Amino acid sequence: MAKKKSSKKLLGSILSGVTILFAIVAFCMIFVKAVELVSGDTVLKEFTGTQVAFGYSETYPIIGEVKFLNFSFMNLLPYILALAGAVVALLAALSKKSFLLNIIAVACFVAAAVFFFTAASYVSVAGSEGSGTLNVLVKNIVDALKDGDNLKIAIGSILGGAFSIVAAACSALKIFVK
């Protein structure tokens with residue numbers, strides 16, 4: 001009986017470690033391309049999770065500063081939820097009564113996965129606020145951004161959602177391992 005108890009405890013520790021690892025990797029997807037602007041099969045511009053969440057602008061020599069994206073809390077939320085899920089999973093691993101904490105962690109990871117996969121729909125387009133007239137390339141990018149059909153999720157959002165799902169599954173399995 002003692003051997004079965006220790007193997008379940010070891011399995012629970014492994015599941016907790018994997019959960020926290022995948023949650024941290026999902027958060028790190030903030031530095032990878034999250035959304036891409038496409039026209040047909042051509043990718044016009046790619047934006048990282050940081051740019052999509054906190055806003056993005058470029059400075060051009062003649063035109064000046066052109067702001068493409070504004071701050072978007074809905075695009076910041078999956079990264080916050082992934083970190084919150086990791087913290088709750090860590091607390092569950094350290095706690096004797098971890099049932100409720102694991103359920104909360106699963107909810108955080110599932111919500112993060114949903115927001116990762118819908119990142120393109122929450123992009124806050126700023127348009128151009130530069131001085132002077134926009135050149136043709138910048139004007140095409142800004143116009144394509146304003147048309148939301150051209151935005152697609154990129155590899156960072158896909159991997160972030162997948163890692164969040166794996167973290168949710170590990171945290172859900174931990175509920176049944178006593």
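Modeller: A nonpolar core is a set of buried Ala, Val, Leu, Ile, Met, Phe, Trp, Tyr and Cys residues joined through side-chain atoms within 4.5 Å, where buried means under 20% relative accessible area with a 1.4 Å probe and protein chains only. The model is predicted, so local features need pLDDT of at least 70 and side-chain atom pairs count only at pLDDT 80 or more, while totals for chains, interfaces and linings use all residues. Residues are numbered from 1 along each chain, and side-chain values use heavy atoms, without hydrogens and water.

Colleague: Which residues have the most contacts inside the largest nonpolar core?

Modeller: They are Val35, Val52, Phe68, Leu69, Leu81, Val123 and Leu151, in a core of 27 residues. Strand 1 (33-39) and helix 3 (73-94) are among the elements that each supply at least two residues of this core; helices (H or I, at least four residues) and strands (E, at least two) are DSSP runs. A second, separate core has nine residues, including Phe109.

Colleague: Why is Lys174 said to have no salt bridge?

Modeller: A salt bridge needs a side-chain nitrogen of Lys or Arg within 4 Å of a carboxyl oxygen of Asp or Glu. For Lys174, which is buried, the nearest side chain of opposite charge, Glu36, is 38 Å away, so the salt bridge definition is not met. Lys174 lies in helix 6 (residues 155-176).

Colleague: What makes Gly12 a residue that Lys174 touches?

Modeller: Contact means heavy atoms within 4.5 Å, and Lys174 touches Gly12, Leu15, Ser16, Ala92, Ser98 and Asn102, not counting residues up to four places away in sequence.

Definitions and conventions:
Buried means under 20% relative accessible area, exposed over 50%, partly exposed in between (1.4 Å probe, protein chains only). Lys and Arg count as positive and Asp and Glu as negative; His and the chain ends are not counted.
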